Amino acid sequence: MVKKYIIAVLALVPFLLSASVASAQDQWTGNLNVFLGQKNLDKDDWEPVEEQSEFGIEVDFREKDWPVNIAIDMLSSSEDKSIFDPLFGQVDVEGKTTEFNIGIRKIWDESSVRPFIGGGLSYIRAEVEVTVPGFGSDSESDTGVGIWLGGGVYFTLGEHFNLGVELKYSDADVTIAGVDGAAGGTHFGLLAGYHW
């Protein structure tokens, strides 16, 4: 999973370099932030791994005369739990989701305190792996397309360093092991990154 994020960040480097050059000419503005928080999924679909730690990278950019930024966010969440099954004893359960969100983000940037809202399309991959000691493991996964909505606030320090908080909601339907469920959820976390 980490390898995928490294590749994604490296793929953004040429764009960020060109945007940095353009920003020197006062044409572009944007943000590159790391998201660190928690994703809460539907308990009926995901128990006992409905509360997952989450990490992500969020990018938004625009020409300065555009009303909104183009937003591209990549988020990954996971959780491991052990439960007791009367038949098999200890059973290890791992739940994971990966989201690729694209859309728009409106940022009010008249001061160093910059509230924002956004939304768009979400492509979500969900996976559940169950391991029974002595019997092996089995995993099921599926992907779905849905929506995301979110908002928060950046505190931009020294013109370029962002700190902030964000609350986001995503929704997409998946089918895992023959059961229909939701792969999205509520996301809450901290942001830290660079503003140009």
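**View A. Ala177 is an exposed residue, with a relative accessible area of 57%.** Exposed means over 50%, buried under 20% and partly exposed in between, using a 1.4 Å probe on protein chains only. You're looking at a predicted model: local features need pLDDT of at least 70 and side-chain atom pairs pLDDT 80 or more, while totals for chains, interfaces and linings use all residues. Residues are numbered from 1 along each chain as its sequence is written, and side-chain values use heavy atoms, with hydrogens and water left out. To find Ala177, go to the loop between β8 and β9; helices (H or I, at least four residues) and strands (E, at least two) are DSSP runs, numbered from the N terminus. The phi of Ala177 is near 55 degrees, a positive value in a residue other than glycine.

**View B. Here are two more backbone spots to zoom in on, Glu159 and the bond from Glu47 to Pro48.** For background, most residues other than glycine have a negative phi, and most peptide bonds are trans. Glu159 goes the other way, with a positive phi near 75 degrees. It sits in the loop that runs between β6 and β7 (161-171). Because its relative accessibility is 62%, Glu159 counts as exposed. The bond joining Glu47 and Pro48 is cis, with omega at about 15 degrees. Pro48 belongs to the loop between α2 and β2.

**View C. Eight strands close up into a barrel.** Follow them round in the order β1-β2-β3-β4-β5-β6-β7-β10, with antiparallel pairing; two strands pair if DSSP finds at least two bridges between them. What joins strand β1 to strand β10? Ten bridges do the job, linking residues 28-40 of β1 with residues 186-195 of β10 in the antiparallel sense. Along this pair, Gly37 faces Gly189 in β10. Stepping back, the whole protein chain has two helices and ten strands, and starting from the N terminus its elements run α-β-α-β-β-β-β-β-β-β-β-β. Buried residues make up 41% of its 196 residues.

**View D. Two hairpins share strand β3.** In one of them, β2 (residues 51-63) meets β3 (residues 69-85) through nine antiparallel bridges, and five residues lie between the two strands. Look for Ser53, which stands opposite Ser78 in β3. In the other hairpin, three residues separate β3 from β4. This antiparallel pair has 17 bridges, and β4 covers residues 89-107. Here Ile70 stands opposite Ile104 in β4.

**View E. The largest pocket holds about 320 Å³ of space.** A pocket is an open set of points on a 1 Å grid over the protein atoms alone, where a 1.4 Å probe fits and protein lies on both sides within 12 Å along at least five of seven lines. Grid points are joined across faces, edges and corners, and the volume is the space filled by probe spheres set on them. Which residues lie nearest the pocket's centre? They are Asp45, Val128, Ile176, Ala177 and Val179, out of 19 lining residues, each with an atom within 4 Å of a point. At least two lining residues come from each of α2 (43-46), β5 (113-132), β6 (136-157), β8 (173-176) and β9 (179-182). Of these, β9 gives the largest share, four residues. The lining has eleven nonpolar, two polar and six charged residues, where Ala, Val, Leu, Ile, Met, Phe, Trp, Tyr, Cys and Pro count as nonpolar, Asp, Glu, Lys and Arg as charged, and the others, Gly among them, as polar.
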